[in-house]
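Me: I am new to this structure and would like to go through it step by step. Could you take my questions in turn?

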Amino acid sequence: MQVSSKMAKCLPIFLLSILYLYSLSTALAPPGDLVNEHFSKQPVYPGLNPRSPGKLYSNETCPASKDILVQAPKSSPFLRLSDEELSSVVKWLFMPEQNLNLTPASKANLAQTDNYIFAIEHLHPNKTDVLAYLDGNATSPKRYARVVVNEGGKPIPDVVEYYVGPLPIDASTTIRTLDWFYNGSPHIPFNARFEDAPRSKAIDSIVASTMSSIADITQDLMNITYYGASDARSNCQYFISKPSSVNGSEVIVWLPWRLNGIAPFDQMMDFYISFDISGTDQSLYSMRMIVCNLVVYTSVEQFREGWASGKILKSPITTSDDSHLREDRKGPLRELESRFAPTSLELDGKRYKVDTENRYVEYLGWTFYTRFTRDVGISFFDIRFKGERVIYELSLQDAIAQYSGNNPFQAGTAYSDRFYGIGQLMGRLIPGYDCPYHATYWNSTVNGAESSSTNTNSICIFEKDIGYPITRHTASGMYQQATKGSALVVRVIATVGNYDYLWDYAFYVDGSIGIDAHASGYIQANYYKPGDGGQWGPRLTETLTGTLHTHVMNFKVDFDIIDEKNTFLKTDLILENVTQPWYPELGTFEMARLNFTEIVSEDEGLLDVPVNGQTMYTMTNTAHPNRWGNPRGYRIIPGLSNVHLPSKLSPFFHKSASYAKQFMALTHQHDTESSSSSTLNQNLPGAPPVDFSKFFNSECLLQEDIVAWINLGMHHYTRAEDLPNTLMSEAHSSVMFSPHNWGVEEGTRDLSNSVIYNKGVEEGGLTKPETNGVRQPTCLGLSAEDELVGVFESQLVVELGAGVHLSGRRAGN
């Protein structure tokens, strides 16, 4: 029966759009408002079909989707050390015959002068061994442990990396230095080591001694006092500048001072102290300089004299009120914003399969293994599309940031986040906010010194609607089609100090792969100095300015287009002056054409982002052409903000970040060149364990195993909108790899989630929409505007000339 407006007011209204919250397992919601923008031009109640008033499209709730399990074709050769393997290696290392003289890392009074294990993890197997196993009948590669030992008890203390194996432990197991892993030395100078608990405790002794001797001055000037990290009287904290050394011969650091709180990075003092903390003998540590209000004092006595004589001008005191640094909601409520925001749901169940034990995934033609490490987090291996390998390894190498500013801390800051352990800082993801509801979650486990630790639900996997059809066309009055665009996303988020980095790895249904990097969190701010004139960032609060800095994230992309023998093709769009007989009236005119250049050797392997997009980069396999003779390949397509370090001469990244000084670099693959960076590159910019520039030695790249090292990043021009937190919408960088002559046509023809209208194929007098048997779940409520029948007849045909038409919606429909 027809529902009148008067009757409608009496009807109970149920909000079936609760399906967006179906994870709550609730079928019905409270009554909603009248909706007036519908086909019928009459009040339509949410969940009611306007073409059949009074009838619900759906009265059921979509069930929560469940993981679909699959068995990987072969056990993963990339898995971390098991707890049993870790325990056996630790026990073996402590045996006297290994001559390591180890102290348990858990010892209460562990000192920097002890020998102790810093970290143990699975040593990445060689590619040649892995391929023999995955592609042939070879056994799984032998497993080895990579062991980092702080050897502070030696006459010349250092940090040494070893490898132990094969595993399991037996009579054949040996320990050797990891010489082949680096092109520098596996013996890292003590002065470049990690600031772990024993090292930090030793450093804090000289810092606390110095600060307590001037507590009356700092209290007067800045309302801060520091008596030590564990002293309740301390109301502030410091950070040790990075890099803290150049070549490991000494450790000279600057300590900026900040208030304690949720975001000390943005509660800076106009106060810096420099220390020499070289070596293991704490009695030799010394204070070098104090900088207050940009004036340098070379001793505590000189600083005290300046204060006592009134020569130190008081700057505005940094407030302890941190309300401007919190995201607690404030301000008038935006209209309709109290409604639940749109979200991505898998209404018909998951369309991907996982093998959690082997960290293996299958999705609509895609298959891949993953690996997880302390240093860089998740990596991807043996990536195949429709059974053919595209990439052997896709992995983050490092995330670096270089700062600038008119003070000793910001001017010398150059972070390599691998040093802090990007993987171990990938924490638990927030359902519905960090990842869509009903995503698949994996834990991540990293091996520490003598035991392992697990971050729960730190990796999420989900399928998303990409927000547009992957293909679409209308041939007016004859044909119309659209194919749904979707992708599988693997997401991780790492909170490294002040920044939260989000990385998405997306696998699209057309065979493309995308990497997206976003940043949020807190900026590392400067204390406001009027004389700076905004050269390093704008003023943000009474005592705060932003800080100019650059983020670069380096990725290893070891393409194997069909197999390991590939060629890199550079295609330039060039202009030339031409004459053509069919345009005699034009004479000579300018026209574009393509120019092809194969990268012959590593000497030509440093590449920048193409100007105006007039160069195309493609990894090809000339031995495997498609049907029309074109080499099969994948394009490397720069996306948003493909920046590199602006300075190529800075001493703070002199040799430690050569990989970050161009958009992309091409090298011949070698197992001895497995990474562009290393954990302890951080404090050795002049003599890094891995110097990427040494990868280049003129090797041939024609039909060879090629690795592309690609940079994402952003120049961070700080702004008021960086408080409280930087916005991921703007702090975003991306790159995509897409099939290029991979086949003979685009790769979505085999998808069923599409709709096609062919003139003459009718049902009930209207052109039938063919959806290949795929229907929306019955729990999905639809409106009249969602009806597929009748769309084809609503096209407006416009004659433009002989055989030329434009089509669009009829006016008023």
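Reply: The answers below deal with disulfides, a helix and a sheet, and they refer to a predicted model.

Me: Let us begin with the cysteines. How many disulfides does the structure hold?

Reply: There are two disulfides in the structure. Counting the bonded cysteines along the chain, their pattern is 1-4, 2-3.

Me: Which cysteine pairs with Cys62, and how far apart are the sulfur atoms?

Reply: Cys62 forms a disulfide with Cys779, and their sulfur atoms are 1.5 Å apart. The link is right-handed, with 80° about the S-S bond. This pair links distant parts of the chain, 717 residues apart. Cys62 sits in the loop between helix 1 (5-8) and strand 1 (68-69), while Cys779 sits in the loop between strand 38 (766-767) and strand 39 (795-801).

Me: Is Cys62 buried or exposed? And what about Cys779, buried or exposed?

Reply: Cys62 has a relative accessible area of 1%, so it counts as buried. Cys779 is buried as well, because its relative accessible area is 5% and the cut-off for buried is under 20%.

Me: And the other pair: which way is the link of Cys435 and Cys460 turned, left-handed or right-handed?

Reply: The link of Cys435 and Cys460 is left-handed, with -85° about the S-S bond. Their sulfur atoms lie 2.1 Å apart. Cys435 is in the loop between strand 17 (414-416) and strand 18 (440-447), and Cys460 is in strand 19 (residues 452-465), so the disulfide ties together parts that are 25 residues apart in sequence. Both Cys435 and Cys460 are buried.

Me: What is the nearest cysteine sulfur to Cys292?

Reply: The nearest is the sulfur of Cys236, 13 Å away, and Cys292 is in no disulfide. Cys292 is buried, with a relative accessible area of 6%. Cys700, in contrast, counts as partly exposed, because its relative accessibility is 37%.

Me: Changing topic to helix 6, which residues are buried there?

Reply: Helix 6 covers residues 300-308, and Val300, Phe303 and Gly306 in it are buried. They span an arc of only 125° around the axis, so they are on the same side of helix 6.

Me: Why would residues at such spacings point the same way?

Reply: An α-helix has 3.6 residues a turn, so residues three or four places apart point the same way.

Me: Which residues are on the other side of helix 6, and what covers the buried ones?

Reply: Glu301, Glu305 and Ala308 are on the other side of helix 6, and they are exposed. The cover over the buried residues includes helix 4 (197-213) and helix 5 (215-222), together with strand 9 (268-276), strand 10 (286-292) and strand 11 (295-297).

Me: What follows helix 6?

Reply: Gly310 follows helix 6, and its phi is positive, near 75°.

Me: Now the sheet. What is the order of the strands in the open sheet of 10 strands?

Reply: The order is 18-19-22-23-24-35-32-31-28-29, and the pairing is antiparallel. Strand 18 and strand 29 (589-598) are the edge strands, each pairing on one side only. From one strand to the next, the twist averages 25°.

Me: How many bridges join strand 24 and strand 35?

Reply: Strand 24 (residues 513-521) and strand 35 (residues 732-740) pair in the antiparallel sense over six bridges. Ile515 stands opposite Val735 of strand 35.

Methods. Residues are numbered from 1 along each chain as its sequence is written. This is a predicted model: local features need pLDDT of at least 70, side-chain atom pairs count only at pLDDT 80 or more; totals for chains, interfaces and linings use all residues. Side-chain values use heavy atoms; hydrogens and water are left out. Buried means under 20% relative accessible area, exposed over 50%, partly exposed in between (1.4 Å probe, protein chains only). Helices (H or I, at least four residues) and strands (E, at least two) are DSSP runs, numbered from the N terminus. The arc is that of the directions from the helix axis to the C-beta atoms. Contact means heavy atoms within 4.5 Å. A disulfide is a pair of cysteine sulfur atoms within 2.5 Å. Two strands pair if DSSP finds at least two bridges between them. Axes are lines fitted to C-alpha atoms, for helices over the stretch in contact, and angles run from 0 to 180 degrees between N-to-C directions.
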